[in-house]
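I am opening my notebook on this structure and will keep the entries in the order in which I looked things up. Each entry starts from what I wanted to know.

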There are 2 protein chains.
Amino acid sequence: MSFFPASLENLIDKFASLPGIGRKSAQRLAFYVLGLPEEEARDFANAILDAKASVHCCPVCQNLTEGELCSICASDRRDKGTICVVSEPRDVLSIERGHEYNGTYHVLHGALSPMSHVGPDDIKIKELLVRIADNDVDEVIMATNPDTEGEATAMYISRLLKPFNVKVTRLAYGIPVGSNLEFADDATLNRAMEGRTEM
Amino acid sequence: MSFFPASLENLIDKFASLPGIGRKSAQRLAFYVLGLPEEEARDFANAILDAKASVHCCPVCQNLTEGELCSICASDRRDKGTICVVSEPRDVLSIERGHEYNGTYHVLHGALSPMSHVGPDDIKIKELLVRIADNDVDEVIMATNPDTEGEATAMYISRLLKPFNVKVTRLAYGIPVGSNLEFADDATLNRAMEGRTEM
């Protein structure tokens with residue numbers, strides 16, 4: 001039912017096409033934007049165009065950047081011999097928040113998923129191989145998500161990396177710090193048990 | 001912390017300024033928009049500009065419209081003698097969904113709320129009074145929300161309408177159809193009891 005004016009329906013459709021936004025939320029967002037002062041609404045539209053126009057992938061690590069290289073690849077204080085492979089740009093942020101890791105990243109922009117027709121050529125695996133072939137890399141840390149797709153992606157890449165004679169590691173599985181054993185799922189507890197370390 | 005490229009941060013900020021969108025969701029939405037094909041991202045931005053440029057308030061009922069009058073005020077099949085007063089354009093949609101009401105609407109675009117500094121001049125009350133003074137109106141149905149602000153707004157307007165000698169009614173309070181007495185709150189049950197009708 002197209003009850004609202006066409007351009008408002010169109011805006012609602014656009015919001016509803018975003019992930020996690022249902023029809024009702026989309027209506028609320030569209031009404032909110034309509035209610036904004038002229039200038040703020042224009043700023044919103046421009047923010048989309050600007051970001052789209054100026055953000056691109058770092059040619060080295062494929063993270064999002066506006067400069068030629070991303071700030072991490074451009075920094076000479078980062079250890080270029082270690083590459084942490086993540087699925088998404090936001091995962092870089094998560095690891096950076098820890099202030100522990102001092103190497104570089106490689107952002108795959110996805111994970112292998114036969115169900116969603118995402119194959120090896122759809123994510124930035126080739127770029128990773130080229131990078132490892134051309135540079136002196138000691139260690140590749142697979143930090144894809146601990147789910148089926150992330151796991152499969154990590155396995156797949158680690159097999160591709162065999163001929164390069166580089167150390168390939170995977171983030172540790174285990175119980176989260178500050179959590180409660182009672183609420184840990186079986187798979188996690190089993191992995192925590194397998195990966196136990198001496199105190 | 002400004003970790004992402006500036007234009008991406010700006011887009012995240014814009015999404016985060018929308019109602020009900022937190023920082024994390026805003027990041028997800030911004031990444032999604034960045035990942036859209038060039039053209040679709042431009043369509044999104046244009047949808048905002050278009051809606052903002054072409055949607056305005058119907059001069060009669062203040063509902064949102066692209067035409068000169070809204071479709072309800074323009075229709076000669078609607079009863080112009082009955083005005084249903086609602087807070088927001090989306091409330092019109094809710095009532096229209098029932099396919100029962102055949103009168104016209106008046107959209108206040110808000111409700112009186114001293115806490116948020118919304119006074120009688122900030123919502124479309126004056127327009128309602130002018131409309132009732134100039135036209136032959138039999139009944140005004142107050143359909144503002146059944147909360148404190150909506151209640152206060154309905155009371156305030158009904159008092160203003162006294163001199164016009166027009167019938168002012170309020171939507172019935174009671175238990176929702178299909179619900180369960182067990183889960184009805186006290187205030188609703190009391191109102192349902194007060195408003196009981198003979199069978």
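At what angle do helix α6 and helix α7 of chain B pack, and how far apart are their axes? Keeping in mind that this is a predicted model, I looked up the pair and found that α6 (residues 125-134) and α7 (residues 148-161) of chain B pack at an angle of about 35 degrees, with 11 Å between their axes. I noted that α6(B) passes α7(B) in a right-handed crossing. On the α6(B) side I listed B:Ile125, B:Leu128, B:Leu129 and B:Ile132 as the residues making the contact, and on the α7(B) side B:Tyr156, B:Ile157, B:Leu160 and B:Leu161. Sorting this contact by class gave me eight nonpolar residues, no polar ones and no charged ones.

**The sheet of chain B**

Next I turned to the strands of chain B, where I traced an open sheet of four strands in the order β4-β3-β5-β6, with parallel pairing. Its edge strands are β4 (103-107) and β6 (167-170) of chain B, each of which pairs on one side only. From one strand to the next I read an average twist of 25 degrees. I then placed α6(B) relative to this sheet: the helix packs on it, touching β3, β4 and β5 (139-142) of chain B, and its direction makes about 150 degrees with that of β4(B). The other helix of the pair, α7(B), lies across β3, β5 and β6 of chain B and runs at about 170 degrees to β6(B).

Looking at a single pairing, I found that β3 (residues 79-86) of chain B and β4(B) are joined in the parallel sense over five bridges, and that B:Cys84 has B:Tyr105 as its bridge partner in β4(B). How many of the residues of β4(B) are buried? I counted five of its five residues as buried, so I entered this strand as mostly covered, buried being under 20% relative accessible area. I also followed the chain from β3(B) through helix α5 (residues 89-97) of chain B to β4(B), and recorded this β-α-β crossover as right-handed.

**A loop residue of chain B**

Is B:Val166 buried or exposed? B:Val166 lies in the loop between α7 and β6 of chain B, and I entered it as buried because its relative accessible area is 13%, where the cut-off for buried is under 20%. Leaving aside neighbours within four places in sequence, I found B:Val166 in contact with B:Val137, B:Asp138, B:Glu139, B:Val140 and B:Leu161. For one of these partners I took the C-alpha separation as well: B:Val166 and B:Asp138 are 28 residues apart in sequence and 5.7 Å apart in space.

**The sheet of chain A**

In chain A I traced an open sheet of four strands, ordered β4-β3-β5-β6 and paired in the parallel sense. Here β4 and β6 (167-170) of chain A stand at the edges with a single partner strand each, so one side of each is left without a neighbour in the sheet. The twist from one strand to the next averages 25 degrees. I noted that helix α6 (residues 125-134) of chain A packs on this sheet, touching β3, β4 and β5 of chain A, with its direction at about 145 degrees to that of β4(A). Helix α7 (residues 148-161) of chain A packs on the sheet too, touching β3, β5 and β6 of chain A, and its direction makes about 170 degrees with that of β6(A).

Which residues stand opposite A:Cys84 in β4(A) and in β5(A)? In β4(A) I found A:Tyr105, and in β5(A) the bridge partner is A:Ile141. The strand β3 (residues 79-86) of chain A pairs in the parallel sense with β4 (residues 103-107) of chain A over five bridges, and with β5 (residues 139-142) of chain A over four bridges, again in the parallel sense. I counted six of the eight residues of β3(A) as buried and entered the strand as mostly covered. Together with helix α5 (residues 89-96) of chain A, β3(A) and β4(A) make a right-handed β-α-β unit.

Key
Residues are numbered from 1 along each chain as its sequence is written. Chains are lettered from A and ligands numbered from 1 in the order in which they are written. This is a predicted model: local features need pLDDT of at least 70, side-chain atom pairs count only at pLDDT 80 or more; totals for chains, interfaces and linings use all residues. Side-chain values use heavy atoms; hydrogens and water are left out. Axes are lines fitted to C-alpha atoms, for helices over the stretch in contact, and angles run from 0 to 180 degrees between N-to-C directions. Helices (H or I, at least four residues) and strands (E, at least two) are DSSP runs, numbered from the N terminus. A crossing is left-handed if the near helix is turned anticlockwise from the far one by less than a right angle, and right-handed if clockwise. Contact means heavy atoms within 4.5 Å. Ala, Val, Leu, Ile, Met, Phe, Trp, Tyr, Cys and Pro count as nonpolar, Asp, Glu, Lys and Arg as charged, and the others, Gly among them, as polar. Buried means under 20% relative accessible area, exposed over 50%, partly exposed in between (1.4 Å probe, protein chains only). Two strands pair if DSSP finds at least two bridges between them. A crossover is right-handed if, with the strands pointing away from the viewer, the path from the first strand over the helix to the second runs clockwise.
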